[in-house]
2 protein chains.
Amino acid sequence: MNNFQLTTTQMLERAEKYFSQKEVVSRTDLKVHRLNYKEVGQRCRSLSDSLEALGIKKGDRIGTLGWNHHRHLEAYFAVPNMNAVLHTINFRLPQEHLIYVINDAEDKVLLVDAQFIGLIEAIKDEIPSVQHVILMTDEENIPETSLPSVYLYESLIEQGDPTYQYPENIQENDPAGMCYTSATTGKPKGVVYTHRSTFLHSMTLGLAETTGVQEEDVSLPLVPMFHVNAWGFPYAATWFGTKQVLPGPNVTPQLILELIEQEKVTMSAGVPTIWLGVAQALEQGNYDTSSLKAVICGGSAAPKSLIALYEDRFNIPFIHAYGMTETSPVATLSRPLSKHKELSREEQLNIKATQGRVVPGLEVKVINEDGEVPADGETMGELTIRGPWITDQYYNAPDKTAESVKDGWLYTGDIATIDEDGFIQVVDRTKDLVKSGGEWISTVALENGLMAHEAVAEASVIGIPHEKWQERPLGVVVLKEGADVTKEELFEYIKPMFVKWWLPDDIVFVDEIPKTSVGKFLKRALRDQLSDYYLQEQ
Amino acid sequence: MNNFQLTTTQMLERAEKYFSQKEVVSRTDLKVHRLNYKEVGQRCRSLSDSLEALGIKKGDRIGTLGWNHHRHLEAYFAVPNMNAVLHTINFRLPQEHLIYVINDAEDKVLLVDAQFIGLIEAIKDEIPSVQHVILMTDEENIPETSLPSVYLYESLIEQGDPTYQYPENIQENDPAGMCYTSATTGKPKGVVYTHRSTFLHSMTLGLAETTGVQEEDVSLPLVPMFHVNAWGFPYAATWFGTKQVLPGPNVTPQLILELIEQEKVTMSAGVPTIWLGVAQALEQGNYDTSSLKAVICGGSAAPKSLIALYEDRFNIPFIHAYGMTETSPVATLSRPLSKHKELSREEQLNIKATQGRVVPGLEVKVINEDGEVPADGETMGELTIRGPWITDQYYNAPDKTAESVKDGWLYTGDIATIDEDGFIQVVDRTKDLVKSGGEWISTVALENGLMAHEAVAEASVIGIPHEKWQERPLGVVVLKEGADVTKEELFEYIKPMFVKWWLPDDIVFVDEIPKTSVGKFLKRALRDQLSDYYLQEQ
């Protein structure tokens with residue numbers, strides 16, 4: 001059999017050849033760009049050529065700090081296709097982490113949106129590996145800057161050769177990209193994606209079984225392109241000749257809905273907080289979302305109430321997925337099985353609210369101290385995963401690798417149950433689980449119970465130290481604007497859902513729940529903020 | 001990234017674990033079996049264990065001569081999962097070829113349907129590598145036979161260990177299967193499939209872009225399991241937890257339609273002659289085919305009239321695909337693009353009647369003496385393909401390899417055009433193309449023109465030697481039962497479709513067109529049979 005290597009080059013070349021007129025719609029701070037794949041392909045080649053002229057060689061890392069737009073998309077292909085490595089950087093990282101990841105990756109070039117040039121100026125003396133900064137902007141002149149070597153992206157595109165030929169000797173296990181986890185504790189950890197892992201992960205997104213990305217779709221990735229390759233959608237969409245809509249900076253729910261309506265978006269991917277915001281805008285405004293075949297939600301658990309809202313009220317199919325930086329990211333995805341068609345709506349929603357089944361190509365095990373837990377949908381254990389797009393190491397960090405990877409299996413740090421059909425329900429992060437009197441309580445289940453109440457906008461449950469039970473759950477609730485409900489009413493509401501000892505000892509109301517830069521609840525900060533308060537109440 | 005190997009083991013294990021209750025319906029000569037994937041999985045393990053007990057080791061070849069049934073399906077996994085190699089044999093091969101392929105592959109064991117035991121008895125002294133014959137039958141006793149070492153499949157299942165553990169050290173480039181081309185001239189040529197090629201090809205069948213096999217489907221492969229792994233459907237269906245219906249021996253159009261109705265089949269794959277037969281049965285009988293999402297047709301070109309019949313009259317979506325033993329087989333597949341939705345029905349049918357676009361993962365080029373032909377949908381050249389499930393060699397045959405593989409590209413021997421969207425139209429086999437006065441005439445186009453006439457059941461066009469033009473086309477037509485049409489009427493009918501010099505010099509009526517054992521027109525035999533006749537007419 002042909003030892004043909006699985007590379008990102010083949011993916012772009014397919015779009016160039018057969019979908020030359022299909023569109024990439026890209027919103028930047030100044031205007032909306034409309035390019036086709038022929039143009040995108042030529043611009044990719046020009047960029048590769050210019051990067052080569054700047055001295056970039058095989059294996060060199062190129063960092064990006066950018067929103068979701070066509071230049072970022074071009075870097076997604078131009079960099080790995082020339083056998084360099086695309087390092088997408090979360091521009092919301094604290095400064096010390098920004099410095100850390102650039103140094104750890106030893107980025108030689110940074111591709112930076114004009115908006116973020118200040119971030120780089122502030123740290124320029126602490127990132128010695130960086131030789132050049134390239135400004136991804138519509139402006140025709142370089143702004144005043146203290147940076148020594150700055151280029152305009154568009155000038156490099158003009159100067160580069162649009163017929164540049166990618167090297168044909170790329171090996172599929174060569175690194176193609178890298179991304180750091182947005183650490184809530186400690187330093188960010190680097191994950192390296194290979195051409196092979198990107199290719200196989202993209203193929204998975206095309207399965208009818210999963211998200212089924214195909215030519216006739218219109219893809220709107222709301223998840224940032226710095227965050228695990230926007231879950232792989234830019235790669236899959238390009239490969240399959242799918243029209244892409246890249247929403248650019250300062251995305252609001254209204255803008256999202258306008259783009260969906262105007263561009264006839266069929267699939268869009270984002271975290272629950274995004275979809276919560278869009279839901280509120282949908283309730284207030286009047287938008288045509290009939291083109292949507294699916295919204296895909298991951299990053300953290302989507303409450304069942306949110307799924308019901310989309311499917312039953314807005315008539316928008318909702319796909320709940322699960323993954324992490326270490327898993328490329330799509331690992332499991334909740335599509336009910338054929339036999340579930342006969343279930344009641346409520347039972348179907350319970351299934352849709354799980355993290356779903358492992359996608360073809362990967363393997364999962366849920367492990368506790370006794371080994372693999374029974375597939376009973378009840379017994380909790382740590383979720384472990386392995387497969388060709390699951391990392392088995394952290395970059396430059398053998399100690400972190402040893403903590404998280406054992407025998408080729410990635411230990412996710414998520415506590416989950418699994419049922420006989422393979423549906424996985426993540427009940428908590430290992431470190432967020434409340435351990436009350438030696439028993440485990442799922443904070444995620446309690447949060448979903450609270451969020452199902454119509455007055456609740458967001459809810460988080462954290463463990464608070466307790467003299468007798470070691471730890472007890474505390475509910476933290478943000479009410480919807482203008483909503484009015486008492487603590488007692490909330491308790492009455494969730495009581496029938498849980499055994500008595502799972503119920504929080506108290507519920508407190510706050511204005512806001514602190515979140516990580518990618519929209520996940522930052523429970524550590526919440527615990528710091530609330531542990532005192534709680535102890536006073538006792 | 002995890003160096004996780006892509007193997008068939010993972011595919012079966014997914015079905016065992018998560019789809020244990022999904023069904024495999026299998027028709028044998030004595031009865032209809034209903035098994036679930038848990039049972040199939042256990043039986044696979046028992047079979048592997050028993051084969052190991054018979055001395056089968058890594059890399060050994062196991063031949064099969066069987067219809068489409070559950071035991072054949074079990075061999076599809078049991079053999080490669082134990083790191084042996086599954087050699088599916090076309091039981092319709094002439095005896096000399098049967099001997100040749102068994103000796104060339106050096107099969108150690110043959111798994112044989114009871115019906116074919118006579119074939120093996122007749123050649124038993126000429127296949128010295130074969131140590132054991134295993135009878136795939138429902139009978140409880142071994143029939144009288146002159147073969148020395150015969151086992152009952154079901155006894156081996158009983159004796160084997162249903163918890164047998166597959167080796168974990170299988171490498172993805174290890175051979176998993178092999179299949180010989182059904183040669184029309186010369187000896188059959190062997191193609192070896194690897195675990196990797198089988199895995200990637202199966203994944204492709206799951207793409208929404210292609211056939212989109214998924215859990216909720218019910219798959220009915222009509223293409224024989226000896227023929228390029230029944231186009232990969234048994235592998236994909238098992239992996240994705242799809243219910244399978246395996247139709248067994250002596251399949252008739254009526255049986256096919258009964259199975260579709262009873263088992264609620266959603267997708268079925270077969271050659272044009274199968275679908276022609278089914279169409280006739282559909283016109284005569286009353287069957288519920290509403291469960292069908294698609295029939296997939298390949299092996300040879302499907303006439304446009306057949307596609308229109310299925311889609312417009314029977315309301316059954318028809319997918320035209322192209323491939324060959326050397327391509328695993330799915331290489332191209334005709335799904336119209338989103339922009340084609342606005343075309344007239346006639347234009348859409350023209351697109352559906354092409355062989356379609358190359359599937360993601362592969363690359364094609366259409367080559368003539370000047371290099372790659374322009375993508376104008378008109379210029380003819382030889383279709384070449386490469387990719388991770390395209391062979392780059394024939395087994396034990398460096399001379400054949402050198403003829404067909406150049407620079408990693410497989411030269412298919414098919415003459416094709418390609419348009420700017422990548423739609424490929426196979427106009428002929430290299431060796432069947434009519435070369436008239438230095439110009440090429442597509443016999444496939446002429447055949448489709450003739451077959452579009454309502455009185456025509458089958459049509460073939462062959463080149464006949466001609467003094468002035470070197471070669472001229474001759475139409476050979478089989479009329480439908482009871483149909484009545486004159487040669488002159490047929491000429492009138494096709495005249496508007498072609499330029500004058502493409503029209504056949506004559507049309508002759510025959511009772512039957514000779515076919516290969518996999519249902520393709522055997523033009524060589526037709527030429528032998530008709531060249532004299534034609535010359536008399538001149």
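In this predicted model, a polar atom of the Glu382(A) side chain sits 2.7 Å from the backbone nitrogen of Gly413(A). Glu382(A) itself belongs to strand S19 of chain A, which runs over residues 381-386. Beyond that spot, there's a two-chain assembly to look at: 58 residues of chain A are in contact with 58 residues of chain B, and the two copies are related by a two-fold axis.

**Around Glu382(A)**

- Tyr411(A) is 29 residues away from Glu382(A) in sequence, yet their C-alpha atoms are 7.0 Å apart in space.
- If you skip the neighbours within four places in sequence, the contacts of Glu382(A) include Tyr411(A), Thr412(A), Gly413(A), Asp414(A) and Ile415(A).
- Lys365(A), Val366(A) and Ile367(A) are also among the contacts of Glu382(A), and so is Thr430(A).
- Gly413(A), then, shows up twice here: as a contact of Glu382(A), and as the residue whose backbone nitrogen lies 2.7 Å from that side chain's polar atom.

**How the two chains meet**

- Putting chain A and chain B together buries about 4700 Å², and carbon and sulfur atoms give 52% of that area.
- On the polar side, the count between chain A and chain B comes to 22 residue pairs in polar contact, both residues being at pLDDT 80 or more.
- The elements giving two or more residues to the side of chain A that touches chain B are helices H1 (8-18), H7 (195-205) and H8 (233-240), plus strands S9 (190-194), S16 (357-358) and S17 (363-368).
- H7(A) makes the largest contribution to that side, with 6 residues.
- Sorted by class, the side of chain A that touches chain B has 24 nonpolar, 17 polar and 17 charged residues.
- The rule also picks out 6 salt bridges across the interface of chain A and chain B.
- One pairs Lys341(B) with Glu216(A), whose closest N and O atoms are 3.7 Å apart.

**Symmetry**

- A turn of 180° with a shift of 0.0 Å along the axis lays chain A on chain B, at an RMSD of 0.0 Å.
- That's the relation of a two-fold axis.
- The copies meet through the same surface, because 100% of the interface residues of chain A are interface residues in chain B too.

**Salt bridges overall**

- Search the whole structure and you get 62 salt bridges over all chains.
- Within chain A, the side chains of Arg43(A) and Glu74(A) form a salt bridge with an N to O distance of 2.7 Å.
- That pair ties together distant parts of the chain, 31 residues apart: Arg43(A) is in helix H2 (residues 37-53) and Glu74(A) is in helix H3 (residues 70-81).

**Backbone oddities**

- Most residues other than glycine have a negative phi, and most peptide bonds are trans.
- Glu106(A) goes the other way, with a positive phi of about 55° even though it's not a glycine.
- You'll find Glu106(A) in the loop between helix H4 (95-105) and strand S5 (109-113) of chain A.
- Ser328(A) and Pro329(A) are joined by a cis peptide bond, omega being about 5°.
- Pro329(A) is in the loop between strand S14 (318-323) and strand S15 (330-334) of chain A.
- Chain B has a cis bond from Ser328(B) to Pro329(B), with omega near 5°.
- Pro329(B) lies in the loop between strands S14 (318-323) and S15 (330-334) of chain B.

**Confidence**

- Chain A has a mean pLDDT of 93, and 98% of its residues reach 70 or more.
- For the complex, the predictor gives an ipTM of 0.89 and a pTM of 0.90.
- Where pLDDT is low, the predicted coordinates shouldn't be read in detail.

Key: Residues numbered from 1 in each chain as written. Chains lettered and ligands numbered in written order. Heavy atoms only, no water. Contact = heavy atoms within 4.5 Å. Buried area = accessible area lost by both parts, 1.4 Å probe. Salt bridge = Lys/Arg side-chain N within 4 Å of Asp/Glu carboxyl O. Polar contact = N/O pair within 3.5 Å; in protein donor to acceptor, adjacent residues only side chain to side chain. Helix = DSSP H or I, 4+ residues; strand = E, 2+ residues; numbered from the N terminus. Nonpolar A, V, L, I, M, F, W, Y, C, P; charged D, E, K, R; others polar. pLDDT = per-residue confidence, 0-100. Least-squares fit on C-alpha atoms with pLDDT ≥ 70 in both.
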